[in-house]
Amino acid sequence: MVGNVARILILNLFTAIAMTPELAHARWASPEQAPLHIVRNEQTISVAQNGTWSLRGFLELKVNSESGRTLVAPFRMPDREDLDETHIISAEITEGTTTRVIPNTQFKSRQIERKSTRPFASQKSIEIDFGNAALGANLRIEYEVFNSRNRIGDLFSMAFVWGQEYPELKSNISVESYTPLTFDISKAATRLLEFKEGRSKDGSRLRWEFGLKAPIYRRLEGELGGLSTTELIPRVQISNQKNWSSIAAPLSATFEKQLKAPLPPELQKIATESSVGRLEDRINSALEKTRGLISRRSDWSPDENSLGVTSLQEIVKRRSADPKEFAMVTVAILRAMGIPAHPALAWREPQTERLIIEEKPNAPGLQIFNHVLVRWGAERPRYFDPSLSVSFADGYLTSVGGSWALPLITNSSELEYLPLNDPAPSTVKIQQQLEPRSDLSTSIQGTVTITGPLAAELKQLYYTAGSSRTEPYLRQLFGIGLQATSQPVVRVTNADTAGARMEISFSSFQEAAIRPAGQVRYVTFPVPGLLSSPLFATPDRVSDVGLIRNLSVDIDTIIRGAPVSDEAPSSCLSLNRFATIVRETIATPQSAIIKDNIRFKTGRITPTEMNSESFKKELVSYTSCLGRTSVTFGPRPNYHDPKWGLGETPQRILSKAPTNLSLSEIRTLSELGPSRLSQAVQSKIWLGLRSVLRQTTKDPAPNHRILLEYAKSLLQLGQLEDGSYLPEHVAEAAKIFTDIAKPLEKNAELHRLHFLLLFATERYKEAFIAIKNATTLEPAQLQDQVYLGMLYDKLGKIVLAETTLETAIATNGPITWKARAYQTLAGIKLAQKNVAQFEKLVEQAIRLEPQNPWLKYNYAQQLFQLKNWDKTISQCKSALAITPLPLAENLLAKALISKALGFYYAGSPEGGSPTTNPKNLEQAERLALEAIRYSPRDGTAYRIVGHAAFEKALSGDYISLIAAQNYLSKASDILGNDSWTQERLFYANQALHSGKNLQSLWKARVPAGK
């Protein structure tokens, strides 16, 4: 913490001039290996009684390498804008026996581009033109710095850190002062530095000298990248103040003056609207609303070191605030909500610059602060950073972990430590469904749900780095698609700014995952987990260890489509230091459920331990276990291919490996129809085309028709259930289109591809021209009529859309496209709320393609929105009779539960009192039990069947009592804080454990709220 501060001070900036990325993490074993070797670095600071200071320094460098020559041509010295003046007294260069003095006219002050994320990074520099310095040249610079600006009162504070980017043979710092100074010296400093105390030459001032006893190199082997602690780096902080009240008292008064003023109406409205719900949720709600009202400006800059704040009224008027003002506004709103809160100074680290100082600093100084947090709560004070993109009041994020905070509380000046290991736990729940295919491939879909600080950190990364960087990182972090044939799809599904919870969905496809052996099939599939510590796309950070310490991971893998006849040997090692993994496989009539319960140990995992060989071996064992999970299946009777109605030729093609497919065979698969193909067929087309393309790349003349087919398959593979397309697939197809547009300009299929690209990106007017070009080259194509109808619909030309689609329906052509015309026209009728006509048209489409499960599933989706539960159930079951379809199973479960709720809450609104009528409860129970078959993790279904069993148990049925306890327990686990369920679960448990009559226990209870 303090070490990073020292980097930004003018004193130590002269030892880290012109840093380049290649030098950011040095690994030099000796000074001669460094591009620039610091031979001499002496600084003398003179402190006045009013806290102002001046500095005189000498810097000598030796050029050791070509990169060192680049650094000194020209040589840049920072010129801080908040200082009165930085003055170069002299500069000279010695090459061999010749010494050349650099004239003052070659000292140039200029603005430089600000690349650093650090708040005090210089925006100006003084360039010294040493010319083309030779290898071995010595540079000598003498400079002066003057500062007459006070920060707060008479405060003087400086921090010094040795052993940073360059090795140093000699580095001496002297401080002279008229009054005694306070020192905060790290433990490492007492071993590695030598001290001298005396007086200045004229005897008028006290003098302290600090020097290195031996060279200090920043070694990184054996430790996390770029990290240092007080055990490795000596640090000294000096101040003319004796305690923190000199800083805290005036700042507390400054903030409290504004906080005691009447709250502006806009802020009072936020406080009123955020006063309902769980305490943390109320705070997060207030943060969300405040961000909608007031925008946040960048961190404070040097000209704001007084930490002055303006009034709440002024902040609301200008609708913007810097971090300290935004924290003050947040505190004011929380106080209006009755929540004790105060602003607090802290140091927020850029993610790439972690230097953790865990010792409590004794010497007061603003140099250890660069940010303002919010401290809330009375009994157990907690902190959060209101200026971040996500709202997370359950605990601060790792950007401030390891810091010391100074709460601005009247009559208080005590520092509080923000530990690296936040006590708030994080949980990761991973659920995946594996579906074996008849073509020996597997399709995997699943979700990852993260709660706690880890969710907040990942969301912060999502907002700062964007989805293009975050989603690939999530794949790596959770080990998603380890054995996928093509790149797995990972998408953040709840991208709101509430940091307490994050959800992602993923899907992958694995070819040749099934190995037949007689009547037995061996299925190898990946199990996602947590494959590495969360590093948030940056070098490792000490604070990330805290996220592992209080982290639990639960994994459920459900294999659909075949009963289990035997289980292949499969087990994970118990990791001594990292985690304990317990695996359990349960056979059910429909599937196998493999549950991995991974519990990270609560003992702290230190950076040293994380880099030990034994730990790395254990981690390899863990990841290997997740990547090589096998289950043995027996034969499944009447197994249908995931693509409905395939003839003998497509079936034969699908049995071949993609690398053996010819272009004509690929076209046969591509022409199966425009309805959404199964992932197995899509991937077969795509992989086959990729193989053909690779075989033809040796030919200097590219096969443009193959590229056209490849681009079309990319769009097919990238189409989602809602009709939209994956952006990366559209971008790649568009790139291919650009390459083949000229050679194939007379090809109608090229213009249809162009239409699909424009349609996918909502450029409908341009898409109209593209499809017209296609119809000019190939008139009277049914698919073009359907495309035109879709386009007119998007352009709002409903009459033209209906006319065009009716013409398409009457035109001869492929049945698949005729069904698509009926379906599109039905969608228009549904938008017009003409339900009868909508149902009639969809059913005509289904009559044309009775073996198309996706038609029936899409119809069921629309019926579900219309709350027609019976027809939804019928269409889902009809689709599932054709092929296993997890989406249809999920929708079927929802429809069954929705219908069940109609009986369950008969006579009262949903969420009111459930029925106790035996007939209604029996019907609700029957539907809910059926729903559990298709969705075994639905808490509402378990609540219904648990209630039904509970009512039977009240009549003395012991079997029902056992069932009630089981179902209600599952409902409680899934639904969480559901007091209605938990109350009945409590008495069911009590009856089972005590042997007492449930009815007597239930009658004697005290109902909630009484």
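The following questions and answers concern aromatic rings, charges over rings and one helix residue in a predicted model.

User: How are the ring planes of Phe183 and Phe210 arranged: stacked, edge-to-face or tilted?
Analyst: The structure holds 20 aromatic pairs. In the pair of Phe183 and Phe210, the ring centres are 5.8 Å apart and the planes stand at 55°. Planes under 30 degrees apart would count as stacked and those over 60 as edge-to-face. The angle of 55° fits neither class, so the pair is tilted.

User: Which strands does this pair link?
Analyst: Phe183 and Phe210 are 27 residues apart, and the pair links distant parts of the chain. Phe183 belongs to residues 182-185 and Phe210 to residues 206-212, which are strands β11 and β13.

User: Is Phe210 buried or exposed?
Analyst: Its partner Phe183 has a relative accessible area of 23% and is partly exposed. For Phe210 the relative accessible area is 4%. Buried means under 20%, so Phe210 is buried.

User: Over which ring does the charged end of Arg984 sit?
Analyst: The charged end of Arg40 sits over the ring of Phe58, 5.0 Å from its centre. For Arg984, the charged end is 3.8 Å from the centre of the ring it sits over, and that ring belongs to Trp980.

User: How far apart in space are Val331 and Pro386, C-alpha to C-alpha?
Analyst: Val331 lies in helix α9 and is buried, with a relative accessible area of 0%. Leaving aside neighbours within four places in sequence, Val331 is in contact with residues including Leu259 and Val374. Val331 and Pro386 are 55 residues apart in sequence, and their C-alpha to C-alpha distance is 9.7 Å.

Definitions and conventions: Residues are numbered from 1 along each chain as its sequence is written. This is a predicted model: local features need pLDDT of at least 70, side-chain atom pairs count only at pLDDT 80 or more; totals for chains, interfaces and linings use all residues. Side-chain values use heavy atoms; hydrogens and water are left out. Rings of Phe, Tyr and Trp (its six-membered ring) pair if their centres lie within 6.5 Å; planes under 30 degrees apart count as stacked, over 60 as edge-to-face and the rest as tilted. Helices (H or I, at least four residues) and strands (E, at least two) are DSSP runs, numbered from the N terminus. Buried means under 20% relative accessible area, exposed over 50%, partly exposed in between (1.4 Å probe, protein chains only). A charge sits over a ring if NZ of Lys or CZ of Arg is within 6 Å of the ring centre and within 35 degrees of the ring normal. Contact means heavy atoms within 4.5 Å.
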